[in-house]
Amino acid sequence: MSHELRTPLNAVIGFSEVLQDRLFGDLNEKQAEYVADIHTSGRHLLTLINDILDLSKIEAGRMGPQVAPFALSDVVQNSVALLRERATRQGIALGFDVDPSIGFIEADERMIKQVLFNLLSNALKFTGQGGHVDVTARGHADGVLVSVHDDGVGIAEADQARIFEEFQQVGTAHLQEGTGLGLAISRRFIELHGGTLRVDSEPGNGSTFTFTLPRTQDSAVVPDPDGALQPAVTRTKRPAAAPLP
Ligand SMILES: Nc1ncnc2c1ncn2[C@@H]1O[C@H](COP(=O)(O)OP(=O)(O)O)[C@@H](O)[C@H]1O
Ligand SMILES: [Mg+2]
């Protein structure tokens with residue numbers, strides 16, 4: 001399925017790039033404008049297809065977390081590094097503060113990277129020039145807490161639940177690049193680990209998106225569709241060996 005959708009789109013994106021690069025001759029003003037539109041629309045459609053495929057895989061239960069231990073501070077630093085250039089271009093100060101004692105957690109690294117990338121790119125998208133975006137990560141006995149804070153446009157109380165649903169964009173967000181699926185996917189990725197993702201925001205006063213994760217998947221619980229809590233990973237504990245007589 002994904003191959004059938006991506007192959008023609010890659011032709012649209014790739015060939016419009018070649019035309020934009022003027023490899024086969026110059027373009028007049030109108031041609032340049034239309035080729036730019038084809039390229040932007042092609043990229044948008046590719047993001048949308050990738051997001052919809054992710055969501056349908058989660059829904060079908062075919063996307064369980066691939067759990068392995070990794071250093072959370074490395075993942076935070078890498079995500080920040082990926083968006084550093086965009087932040088500089090937009091005149092936004094991007095910082096991070098990771099508790100050095102946070103150490104290793106057991107989770108699906110690719111999913112956590114995708115969540116951080118979604119939250120950070122949202123923060124940059126909805127913050128103006130001269131603004132600030134900061135990531136903080138703290139650890140406690142059995143879990144970690146990661147926050148992405150911005151001092152951008154903020155979100156009205158009435159919209160704060162809706163933005164986690166598919167295709168929901170609020171305020172002037174529809175004028176910006178995006179599919180309205182980022183937060184829906186991010187919340188599901190976090191919940192697959194037995195964690196939570198929530199927002200704290202006020203219009204004009206910025207937003208803070210915070211997710212929690214259990215330190216290991218042994219202690220994780222995920223809500224089932226009825227809201228009851230179920231263990232994320234069922235592992236039977238070996239009973240302690242009886243002392244020798
Ligand atoms: N940091 C933020 N500041 C203000 N609004 C936000 C922020 N993050 C998300 N939103 C709102 O939530 C909506 C949904 O976000 P998301 O699911 O990531 O979709 P997208 O980024 O593709 O629009 C956004 O369109 C925007 O209205
Ligand atoms: Mg987004």
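**Exercise 1.** Which backbone atom of Gly-180 lies 2.8 Å from ligand 1, and what kind of ligand atom does it face? Work it out on this predicted model, then look for other polar partners of the ligand.

*Solution.* Start at Gly-180: a backbone N or O atom of this residue sits 2.8 Å from an oxygen atom of ligand 1. Next, check Thr-179, where a polar backbone atom is 2.8 Å from a ligand oxygen. Then move to Asn-122; here a polar side-chain atom does the job, at 2.9 Å from an oxygen of ligand 1. Finally, look at the cover: on its own the ligand exposes 540 Å², and the protein buries 97% of that.

**Exercise 2.** Describe the shell around ligand 1 and where the ligand sits.

*Solution.* Begin with the site: ligand 1 occupies the largest pocket. Now count the neighbours. There are 21 residues around the ligand, with Lys-125, Gln-169, Thr-179, Gly-180 and Leu-183 the closest. Sort them by class and you get 10 nonpolar, 9 polar and 2 charged residues. Then ask which elements they come from: helix H4 (109-125), helix H5 (182-192) and strand S7 (207-214) each supply at least two. H4 gives the most, with 3 residues.

**Exercise 3.** Is Thr-208 buried or exposed, and which side chain does its own side chain contact?

*Solution.* First, place the residue: Thr-208 is in strand S7. Its relative accessibility is 19%, and the cut-off for buried is under 20%, so Thr-208 counts as buried. Last step, follow the side chain of Thr-208: it makes a polar contact with the side chain of His-149, at 2.8 Å.

Conventions: Residues numbered from 1 in each chain as written. Chains lettered and ligands numbered in written order. Predicted model: local features only at pLDDT ≥ 70, side-chain atom pairs only at ≥ 80, totals over all residues. Heavy atoms only, no water. Near = heavy atom within 4 Å. Polar contact = N/O pair within 3.5 Å; in protein donor to acceptor, adjacent residues only side chain to side chain. Areas by Shrake-Rupley, 256 points an atom, 1.4 Å probe, with all protein chains shown as cover. 1 Å grid on protein atoms, 1.4 Å probe; cavity = no way out; pocket = protein on both sides within 12 Å on 5 of 7 lines; lining within 4 Å. Sits in = over half its atoms within 2 Å of the grid points. Helix = DSSP H or I, 4+ residues; strand = E, 2+ residues; numbered from the N terminus. Nonpolar A, V, L, I, M, F, W, Y, C, P; charged D, E, K, R; others polar. Buried < 20%, exposed > 50% of the residue type's maximum accessible area, 1.4 Å probe, protein only.
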